[in-house]
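This report introduces two parts of a protein model to a reader who has not met the structure before. Please look through the sequence and the structure before reading on.

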Amino acid sequence: MFYHVLGCQNLPTLPTIAMELLEKTRDPDVSMKEIARLVQSDVGLASRILRTVNSSFFGLSKPCNSIDRALNYLGLKAVKSLVLGFSMVNFSRCMKDRDFDLGTYWRRTILSATAARLLAVSTRACDADEAFTAGLFQDMGILALFIAIPEQYAPVLAGAPECHTRFAAHEAASLGFNHAQVGAALAEKWKMPANLVAGIRFHHDPDSADPRFLPIVRTIALGGIAADTMIVPQPGKSLAELKTRAAAWFHCEGDEVESLLERVNVAARELADLLDQNIGQLPEPQEILARANQQLIESQITTQREAVELERRAAELQTQTMTDALTGIANRKRFDALVAESFRNAAAGNNPLAILFADADKFKPVNDTYGHQAGDLVLIDLARRMKQTVGAAGEVCRYGGEEFAVVLPGCAASQAAAIAERIRQTIASTPFDLSAVEGAPRALKVTVSVGVAAWEPDAGQPLDSIEQLVQQADQAVYDAKHAGRNRVRVYGDQPASASIPTQGAFPLLLLQRDPLTANILRQAFIAAGAREITTAQSLGDARKRLSQWRPQESAAPGGLVITEWRLPDGDASALLQMLSTPPWGDAWRVVTLLDDDAQHEQARRACPQATGLFRKQEIASDLAAWAAARWVEFLQGLRTSQAA
């Protein structure tokens, strides 16, 4: 379509005298007399040039009554600029009988060209007359497009954005090219100077221009923004952009820009008269500045309101991601972040830190007998009672299932034990109301086992990591359950129960295709406390290894498998299904590593009941911490299944 526009036979061309002038001025040795004779050969054109030269637009100190003198006063570039300017007027006359808003076109063109000329005069960045000429021709591609493809281009014009600076992008989205490219191609066809062609082609994209032509291109672009500032109903953004770019490109201060608008207002009116164009009533500069400042104030207020709203939403979202949906208290993610922060603060300030784990006793029969609605009501009330009991001393979190955790910064073991006992008594003393659940008793007695672990800097206890303290609290919960439930145990007050083997007795199988990856995982789990570790590279190999650890043949009551989803002889679904059925039972855990989201979806579809799915990229940043967390989870799950 672009070449169709350029080849259109209906496009007007420059008058012969303008083409001859361009041809002659390409010769650096052309004489002024020769140019004068050429211009004087068109009496009407010569008369219009003299009228323009003697106007205040050029500000000559003495009247000029001949083209010879005009050339001497103003120079060749100024006269050439006027010849081409009047030629542009002739070029646009073919639009009068078409459904085209020629008044709006010339209004913007005259304002842009005038602003470009005045900018060039004040900044001396480029020749003022060449900037003026490029400004007059910058949008001629719009005329060409409307003549060549009116049916396609009229809707593009109708949907044009308010600010002309965004019009080229709007055209490109609809046509694949824009008016600046069409105008530059026509200028090249007419053999206009390269700097004028560049000004036309890049006035909407100055940064793409050849560095040689950057000053004139930027001048034309600023002229266009100045025109927008004087035309659009809401000039705030245009004025701000004009000041920003003028400062960045030509080191113009804000008051210089405002002064420019005042001068453009006056000069554009006169230029419109000289070109016989009606550009309508122009707003006064002070009115433009007042509207722009009001708009900027309103925009700042809106921006501040939006920032406050964004902060509110972000805080709300953060709260949601850290809150358990059922109970309304902090969730596991919040617990992990809180214990990490509390550990750092305790270590830095040499202050005590305690953690409680509270696990509802024999909770599974509640769900199995009365349904999950009853179980949910119990969990909600458990959370409420614990939160009221703990108060400001710490934060209660739902750790998972029916297990709750409490972080108590600044609490020594004795203080934490007292809080734990109050929690136990509060829960045991009052039955839970299940009257809303059909088939359930009106009141149900529920108890909890509570484990306490504390670090006291003055007690000489080493504390290598927060995972160690979490594991101690978990061990204390198991001891409380093993001792008969509905009681509190503080870690270290009595030996841990001998019914659960030591950490090193639990088997760990690393099912990984890559031996290097298996070795890296092995080292991470050794650091976490695992000892009986073996590896496999395929499902077949894994079955052989697992056969050595069948529950009835092993001293260990359970084990942990870390597997990849994709294996040489299938995927991990067969392994997940095998370890979820007898004789393995709940004591064995499987953690599956996934390459991407697609594998995650495959795992979910193949094994809907699967837990422990992790994407590899999520764990790569801190593998040691991840391995320690998985080992602690495995031990906690194993002890819970043994004690339930």
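## A pocket and its lining

What volume does the second largest pocket have? In this predicted model, the second largest pocket has a volume of about 500 Å³. Its lining is made up of 22 residues, and those closest to the centre of the pocket are Thr-104, Tyr-105, Leu-157, Ala-160 and His-164.

Several helices take part in this lining, with at least two residues supplied by each of helix H7 (102-123), helix H9 (140-148), helix H10 (150-158) and helix H14 (214-231). The helix that gives the most to the lining of the second largest pocket is H7, which provides five residues. Sorted by kind, the residues of the lining comprise 12 that are nonpolar, three that are polar and seven that are charged.

## The two sides of helix H26

Helix H26 spans residues 597-606, and its buried residues are Gln-599, His-600 and Ala-603. Because these buried residues cover an arc of only 105 degrees around the axis, they lie on the same side of H26. Asp-597 and Arg-605, by contrast, are exposed on the other side of H26.

## Neighbours and end of helix H26

The buried residues of H26 pack against three strands, namely strand S11 (566-567), strand S13 (589-594) and strand S14 (613-615). At the N-terminal end of H26, Asp-596 acts as a cap, with a side-chain oxygen that lies 3.2 Å from the backbone nitrogen of Ala-598.

Notes
Residues numbered from 1 in each chain as written. Predicted model: local features only at pLDDT ≥ 70, side-chain atom pairs only at ≥ 80, totals over all residues. Heavy atoms only, no water. 1 Å grid on protein atoms, 1.4 Å probe; cavity = no way out; pocket = protein on both sides within 12 Å on 5 of 7 lines; lining within 4 Å. Points joined across faces, edges and corners; volume = space filled by probe spheres on them. Helix = DSSP H or I, 4+ residues; strand = E, 2+ residues; numbered from the N terminus. Nonpolar A, V, L, I, M, F, W, Y, C, P; charged D, E, K, R; others polar. Buried < 20%, exposed > 50% of the residue type's maximum accessible area, 1.4 Å probe, protein only. Arc of directions from axis to C-beta. Contact = heavy atoms within 4.5 Å. Polar contact = N/O pair within 3.5 Å; in protein donor to acceptor, adjacent residues only side chain to side chain.
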